[in-house]
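Student: I have a structure open and I'd like to talk it through with you. Can we start with whatever term I need before looking at the core?

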Amino acid sequence: MSETKTNTRVSEIFDLFYKHLNNFLKEANPNHEEYTEFVKWADRLGRTGELPLFMDVFIESSVLKNMYADKPGTEPSLLGPYYVEGAPILEKPYKLPMRENEKGEKLKFSGTVKDVNGEPLANTLVDMWQDDADGYYSSFDSDAPPYNLRGRFYTDENGYFEVDTIVPIPYQIPTAGPTGEFLKMIDQHPYRPAHLHIMFKHKGYETLITQVFFEGDEWLESDVADGVRPSLMTKLYDGGDYKKASLDFVMRNE
Ligand code: MBD
Ligand code: FE
């Protein structure tokens, strides 16, 4: 966007924000002590590095729902605060980087990427990341090596991919900081259902950032970050000494 266009957009959004904020304040009618407590809390949110977490838990879902209502193709879901660019490009057979004794149940996850007309999209870049069996993301709340359980790979000539990983577990938002403090005050539990993060890139198509969820998870109905969409559900099947799951994805033309 050009600089003038960006400035116009910021000013347009700020005008709206200010208008609604003032109406909101009139109705909520905080006193001065409540206001100063809020400022201190927001300051902690910034200083502890939890601002992106808070935003992605409470704001990102609405942005996506407004952007993608009624569009064809796979529903996008939250990017979330734990994406890291530049994950290793994997070689076949694909397996997300993991520690030698990575805990957790083995998972073979597969899928097919197609366009809105059902044509397979070969050579689509698939970028996947997830939490480990302790519920931690590498480079954030775990001491695993960088890019643990993060990897990039390509679909084959039929738009198909399969990758070995572990079954993700429900994610608990950190409870010790200002985000946890807030959740407690509004009486909301800190859990997200288990999910895989997955991003697809293909020239000429809108980048698809989404997530995959598993039937039967106890937090599907009450995801603290509101990321669950019915079309993003899959099911874990028993494959012997591992689980398997699959889901197909549809990318929209740019
Ligand atoms: C997550 O793992 C996540 O995916 C989102 C959207 C917010 C907080 C934690
Ligand atoms: Fe996540």
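Tutor: Let's begin with that term: a nonpolar core is a set of buried Ala, Val, Leu, Ile, Met, Phe, Trp, Tyr and Cys residues joined through C-beta atoms within 7 Å. Please keep in mind throughout that this is a predicted model.

Student: OK, so which residues touch the most other members of the largest nonpolar core?

Tutor: That core has 30 residues, and those touching the most other members are Val 126, Met 128, Val 163, Ile 198, Phe 200, Phe 249 and Met 251.

Student: And which elements give two or more residues to this core?

Tutor: They are strand 2 (106-115), strand 3 (125-129), strand 5 (160-166), strand 8 (195-201), strand 9 (208-214) and strand 13 (249-251), and the largest share, four residues, comes from strand 9.

Student: Can we zoom in on one residue: what is Phe 200 in contact with?

Tutor: If we leave aside its neighbours within four places in sequence, Phe 200 is in contact with Val 113, Thr 124, Leu 125, Val 126, Thr 207, Leu 208, Phe 249 and Met 251. There is also a second, separate core of eight residues, which includes Leu 45, Leu 53, Phe 54 and Ile 173.

Student: Now helix 3, which of its residues are buried?

Tutor: In helix 3, Leu 53, Phe 54 and Val 57 are buried. Seen down the axis of helix 3, these buried residues fall within an arc of 95 degrees, so they line one face of the helix, and what covers them includes helix 2 and helix 5.

Student: What about helix 5, which residues are buried there?

Tutor: Pro 178, Thr 179 and Leu 183 are the buried residues of helix 5 (residues 178-185). Down the axis of helix 5 they fall within an arc of 140 degrees, so they too line one face of the helix, and they pack against helix 2 (32-47) and helix 3.

Student: And which exposed residues are on the face turned away from the buried side of helix 5?

Tutor: That face of helix 5 carries the exposed residues Lys 184 and Met 185.

Student: Changing topic, which helix gives the most to the shell around ligand 1?

Tutor: Helix 3 (residues 51-58) does, with three residues. The residues around ligand 1 include Leu 53, Asp 56, Val 57, Tyr 82, Tyr 171 and Arg 192, and by class the shell has eight nonpolar, two polar and two charged residues.

Technical notes:
Residues numbered from 1 in each chain as written. Chains lettered and ligands numbered in written order. Predicted model: local features only at pLDDT ≥ 70, side-chain atom pairs only at ≥ 80, totals over all residues. Near = placed C-beta within 6 Å. Nonpolar A, V, L, I, M, F, W, Y, C, P; charged D, E, K, R; others polar. Buried ≥ 20, exposed ≤ 12 C-beta atoms within 10 Å, placed from the backbone. Arc of directions from axis to C-beta. Contact = placed C-beta atoms within 7 Å.
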